[in-house]
Amino acid sequence: MTLKKSIVISFISIIFFSCSDHVLDNKKKEQSEIKTKIIDSLSSKYGIFYRWDTLDGFKNRNIYTIDFNKVIKSNYQIIEKFRITDIYDVDSVKHVSIVTGIIGSFYLDFVTSEYQRVQLAQKDKDFILVVSIPELKKIKYVIEPHTVGKENEFIDLNIHYSQKFIGKGKIIDIISVNKLNKE
């Protein structure tokens with residue numbers, strides 16, 4: 001291959017990849033705007049003031065269950081960013097468990113309908129949840145592993161007071177948003 005062909009191919013590749021990054025950035029911005037509009041609409045419809053995935057009170061202090069009384073008493077809250085950790089049944093009652101929060105601080109369990117479970121199982125969708133969480137309790141301790149040695153030869157387990165919480169509630173509404181295709 002000649003030097004000119006090599007330069008032309010390199011130039012075309014750079015343009016192609018920078019254009020595709022620009023298109024993806026525009027799609028991310030557009031999706032973010034759509035989610036913001038949905039959250040604003042849900043907040044207005046349900047009178048929502050709190051989002052579990054953005055609560056941040058953990059910096060430089062201990063936080064307690066009582067610190068979330070206003071959130072719990074607000075009836076409804078929103079969760080946009082979460083990870084499903086389990087879907088299960090107890091007798092004939094259907095449950096979905098998630099983790100959310102700035103630092104994965106809330107482990108929440110919801111009683112759901114079959115329809116809600118089917119919705120949440122869709123892999124090609126992102127979701128915004130309207131929830132009601134009347135029960136919240138601090139986890140007393142967490143066990144954190146730390147590797148020791150140059151080659152991580154040993155694992156040292158430490159028990160710490162927790163800054164994480166578990167809660168129970170129900171899902172009031174689920175709004176689905178198409179996931180971005182990153183290809």
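Two exercises with worked solutions follow, on the core and the loops of a predicted model.

Residues are numbered from 1 along each chain as its sequence is written, and side-chain values use heavy atoms, without hydrogens and water. Because the model is predicted, local features need pLDDT of at least 70 and side-chain atom pairs count only at pLDDT 80 or more, while totals for chains, interfaces and linings use all residues.

**Exercise 1.** Determine which elements give two or more residues to the largest nonpolar core.

*Solution.* Begin with the definition: a nonpolar core is a set of buried (under 20% relative accessible area, 1.4 Å probe, protein chains only) Ala, Val, Leu, Ile, Met, Phe, Trp, Tyr and Cys residues joined through side-chain atoms within 4.5 Å. The largest core has 21 residues, of which Trp 52, Phe 68, Leu 108 and Leu 129 touch the most other members. Two or more residues come from each of helix 2 (69–73), strand 3 (93–100), strand 4 (106–112), strand 5 (125–138) and strand 8 (165–178), these being DSSP runs (helices H or I, at least four residues; strands E, at least two) numbered from the N terminus. Strand 5 gives the largest share, five residues.

**Exercise 2.** Find where Asn 75 lies, and decide whether Asn 75 is buried or exposed.

*Solution.* Locate Asn 75 in the loop between helix 2 and strand 1 (77–79), and note its positive phi of about 75°, although Asn 75 is not a glycine. Most residues other than glycine have a negative phi. With a relative accessibility of 51%, Asn 75 counts as exposed, for which the cut-off is over 50%.
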